[in-house]
Structure formats: C-alpha cells, structure tokens
Amino acid sequence: MRFTRLLLWNSSLTSQKKTSREKTVTTHAPDISASDIEALAAADCLLVAMDFDGTMAPFHDDPMRARAEDGCIESLKALAAMDDTIAMIVSGRNLAQLREVTGLSEGNEAGIHLIGSHGAEPAGTGFTPLSEAQRELYESLAVAAEAAASLHPGLWVERKPLSVGLHSRTCDNKDVADQAHASFLSHAQGMDNVMITQGKAVIEVAVDSTSKGDYISAFREEHCIPTVVFAGDDTTDESVMRVLHTQRTDMGIKVGAGASRANRRLSGTVAVRDFLAQLVEARRLD
C-alpha cells in the first residue's frame, strides 16, 4: 500500500483536489488579537503546542546552533505549571536533537512534552524499531540523498530515526540545489510506503506515515482536550492545521508568510515569543 504524501504548495509536480470538507488554504488569516488571547486564557483545558525551528527559534545555517527566542521556553514552562494547561513542542527534529537545542534534557523537561520526528518519537515512549522492509527503504533513501548531496558542498544529508532529509539551506547555487532535490525526489517517488515532505530548503522522506497532525489529534482525544492552539511555519505543520477545530475553539497560527490552513497568523519568531508571554499573563489572571 502506498502512503506517499508530497507536501508542496507551489510545484508543478503535484496537484491536489479540494473536497467540500477540506479547510481553505489562504494567505489572509488575521493576526492574533487581544480577544484571541483572552479566549485561549479562558479555556477550561488548553493544549499549547509549538513547532520549534522557524516558530520558536530563528533558522540557523548550523541547525544544532539554533535556539529559541529568549523567553519562549520560559513561557512554556510557566504554562505547563498551570492547572488544566499542557505545553508541548512538536518538531521534525529527532528527540535527541530537540532536547539539545531546547536545553530540556531528560528528566529536566519542566512539564513540557517533547515530541520528535514529526510525532513519531514522543519523549518517554520512544518509537517502534524499523522493520526489515523499512530498514531497506531507509538505506536506499540514504544512498540516494548522499548521491544528490555530492553535487555541491552546501548540500547535506540528515539521518533521523525514521527519515532521511536532503538540505540545501547552505547551498549558494539554486540551480544545483533544485537539481539535487529533483534527483532525490524522483528516487523517493518511485518507492512504496514512504512519506515525502518538502519544507523550507529541505526534502525529507520518512519510512513511517506518522505526522504532527496524527500525534496531536490522538493526544487530544486521549486526554479529552477541548481547546488546542498550535503555531508552525512550514508545510509539515499543515498536517496539524488540517485536524484543528478552527471553526469552534481551536486556533492554528501560521508563522511568517505563505499559504496555510491556519486561521491566525504571526509575523515571526519574536512575535511568537510575545504571544506566549501574553498568554501566560492572561491565563494567570483568568
């Protein structure tokens, strides 16, 4: 069974049909308002879930040197300490990397739920080891990604527990970067049982179908959470925007420019920092 999913907003490689129940993709969602923050602060039970790179932390050419804006982690810790409030960071990074860049080492999470590998690697539970078939897919992807990355020293390969990513953020030749991405993409599209995601200057191919949206949807159901606010900047975060109840109590926040199914928007990582600080104060007063 093929569960290949290609997440591309602007590409001739894919076209997606809308259904009557699919949320509208828009570039015109309003910015977060004071009344939005008041509504979240008044929620009986609230899950505050944040992407990391590009949402809490500015991008860095060396991903392991990326750090959250000052105050972001502290605000999540404050929210996690409140009654009926759950704080979460859900990232495409593997869990070990996420711990390092957030400074939230094992046993020192301060109540913040850390979720790595796009929802497939929750702290405290880990993930199911790859099957033999998945390992074969993984190794084939790794070989193809390394071959593509050999085209330019600014291209590099990231191996995660469940996926292989080809990065081009530090490649100063767009034509070569496009060629490398196309080569890796073509290889992955010829494989069954992989999930392809194109983000900002990266193509990532996973041998597991779990998404951030899958994880958050299951988590809220398990814990009976009526209200969720999630912020993310990239195409991988749209899996969450799809499952939020934005016509009712939920709030999906697109960080930065670009089309999204989110119903609210913030301009960048500094705006996310300020939003979290304001939410802490409002929820304390409620």
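1. Start with the two domains: in this predicted model, the centres of domain 1 and domain 2 are 26 Å apart, going by C-alpha atoms. The domain assignment builds domain 1 from two stretches, 34-127 and 210-284, and gives 132-206 to domain 2.

2. On to where they meet. Contacts involve 18 residues on the domain 1 side and 14 on the domain 2 side. About 1,200 Å² is buried between the two domains, with carbon and sulfur atoms giving 59% of that area. If you want to look at particular residues in domain 1, try F59, D61 and F127: these lose the most area to domain 2, and together they make up 30% of what the domain 1 side buries.

3. Now the polar side of that interface. Five residue pairs are in polar contact across it, both partners being at pLDDT 80 or more. The salt bridge count between the domains is one. Have a look at D233 and K200, whose side chains form a salt bridge with an N to O distance of 3.0 Å.

4. Next, the packing. The largest nonpolar core runs to 40 residues, and L76, I89 and F275 have the most contacts inside it. Elements giving it two or more residues include the helices α1 (34-41), α2 (72-80) and α3 (95-102), along with strands such as β3 (85-90) and β10 (227-232). The top contributor is α8, with seven residues.

5. F275 deserves its own point. Leaving out residues up to four places away in sequence, F275 touches I32, I37, L40, M50, V229, I253 and L266.

6. Don't overlook the second core, which is separate and has 28 residues, among them A120, L137, A180 and F184.

How values were computed: Residues numbered from 1 in each chain as written. Predicted model: local features only at pLDDT ≥ 70, side-chain atom pairs only at ≥ 80, totals over all residues. Heavy atoms only, no water. Core = buried A, V, L, I, M, F, W, Y, C linked by side-chain atoms within 4.5 Å. Buried < 20%, exposed > 50% of the residue type's maximum accessible area, 1.4 Å probe, protein only. Helix = DSSP H or I, 4+ residues; strand = E, 2+ residues; numbered from the N terminus. Contact = heavy atoms within 4.5 Å. Domains from an automatic or database assignment. Buried area = accessible area lost by both parts, 1.4 Å probe. Salt bridge = Lys/Arg side-chain N within 4 Å of Asp/Glu carboxyl O. Polar contact = N/O pair within 3.5 Å; in protein donor to acceptor, adjacent residues only side chain to side chain.
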